[in-house]
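User: Could you pick one part of this model and walk me through it closely? I would like to hear how its surroundings fit together, in one connected account.

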Amino acid sequence: IFLINIANISMAETIIAYIDMEKIMLKSKAGKSIESELKKIHKNNIDNFEKTEESLKKKESQIIAQKNVMKKEDFQKKINELRKEAQEYQKSRREKNNDLTKKRVSATAQLLKSLNPILAEYSSDKSISIVIQKKNIVLGKSELDITDDILKLLDKKISKIKLN
């Protein structure tokens, strides 16, 4: 009986809550600002990619149209230049996509770093022992979800995160 009482007392002291990190990322002011900035950069990149692709296609058409009037060596030289430009474009495109991914990861890390003290303070105030991500829970009472409370606190403290 003594052991059962100790187990019950220790279980009663453990308060568990969960948080939906995806909701925090999508609905918080800081998360929305990150997504907005990333979309602007991505749209700008896409516009530039389309212009470059169009330019490369025009050059290709011009070279093909001049094939019969050019010397074989000149034609081959122009084709090689076009291939080199296309390779440089592909490299630039990969670099810009990688840069965008790095910015997303960095901004998300900044948001999580800013969120940790808020979670720690909230957990301390509410005597919560463990906070688990919602994606790792199969079933849980909705009363244990602290996402909305944390979202309000986060929005009060941080409204925007700058991309590096």
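Analyst: **A close look at helix α4**

S123 is a residue of helix α4, and that helix is a good thread to follow here. Please keep in mind that the model is predicted. S123 has a relative accessible area of 12%, so it counts as buried, since the cut-off for that class is under 20%. Leaving aside residues up to four places away in sequence, S123 touches I128 and V131.

Helix α4 covers residues 72–126, and one of its neighbours is helix α5, which covers residues 147–157. How do these two helices lie against each other? Their axes come within 10 Å and cross at roughly 120°. That angle makes α4 oblique to α5, because the range for roughly perpendicular is 65 to 115 degrees. As for handedness, the crossing of α4 and α5 is right-handed.

Now for the residues involved. On the α4 side, the contact is made by L111, L115, I118, L119, E121 and Y122. Facing them from α5 are D149, I150, L153, L154 and K157. Sorted by class, the contact of α4 with α5 holds 8 nonpolar and 3 charged residues, with no polar ones.

L154 deserves a pause of its own. This residue sits in helix α5, and its relative accessibility of 0% is why L154 counts as buried. Which residues does L154 touch, not counting those up to four places away in sequence? They are I24, S28, L111, L115 and I118. In this list, L111, L115 and I118 come from α4, where they take part in the contact with α5. K103 makes a useful distance check: its C-alpha atom is separated from that of L154 by 21 Å, with their positions 51 residues apart along the chain.

The other helix to look at is α3, which spans residues 29–65. The axes of α3 and α4 come within 11 Å and cross at roughly 175°. The two helices are therefore roughly antiparallel to each other. In their contact, the residues divide into 15 nonpolar, 7 polar and 10 charged.

An aromatic pair also links these two helices, and a search of the whole structure finds 1 such pair. The partners are F49 and Y89, arranged edge-to-face, at 6.2 Å centre to centre and with 80° between the planes. Because F49 lies in helix α3 and Y89 in helix α4, the pair ties together parts that are 40 residues apart in sequence. Both F49 and Y89 are buried.

S92 is another residue of helix α4. Is S92 buried or partly exposed? With a relative accessible area of 28%, S92 is partly exposed. S28, which appeared above among the residues touched by L154, is 64 residues from S92 in sequence and 33 Å from it in space, C-alpha to C-alpha.

One last stop takes us to strand β2, which runs over residues 130–133. I132 is found in this strand, and its 29% relative accessibility is why I132 counts as partly exposed. Where sequence neighbours up to four places away are left out, I132 touches I16, A17, Y18, I19 and I137. Taking I16 from that list, I132 and I16 are 116 residues apart in sequence, yet 7.6 Å apart in space, C-alpha to C-alpha.

To draw the account together: α4 crosses α5 obliquely, while α3 and α4 are roughly antiparallel. The aromatic pair of F49 and Y89 joins α3 to α4, and L154 of α5 touches L111, L115 and I118, among others.

Definitions and conventions: Residues are numbered from 1 along each chain as its sequence is written. This is a predicted model: local features need pLDDT of at least 70, side-chain atom pairs count only at pLDDT 80 or more; totals for chains, interfaces and linings use all residues. Side-chain values use heavy atoms; hydrogens and water are left out. Axes are lines fitted to C-alpha atoms, for helices over the stretch in contact, and angles run from 0 to 180 degrees between N-to-C directions. Helices (H or I, at least four residues) and strands (E, at least two) are DSSP runs, numbered from the N terminus. Angles under 35 degrees count as roughly parallel, over 145 as roughly antiparallel, 65 to 115 as roughly perpendicular and the rest as oblique. A crossing is left-handed if the near helix is turned anticlockwise from the far one by less than a right angle, and right-handed if clockwise. Contact means heavy atoms within 4.5 Å. Ala, Val, Leu, Ile, Met, Phe, Trp, Tyr, Cys and Pro count as nonpolar, Asp, Glu, Lys and Arg as charged, and the others, Gly among them, as polar. Rings of Phe, Tyr and Trp (its six-membered ring) pair if their centres lie within 6.5 Å; planes under 30 degrees apart count as stacked, over 60 as edge-to-face and the rest as tilted. Buried means under 20% relative accessible area, exposed over 50%, partly exposed in between (1.4 Å probe, protein chains only).
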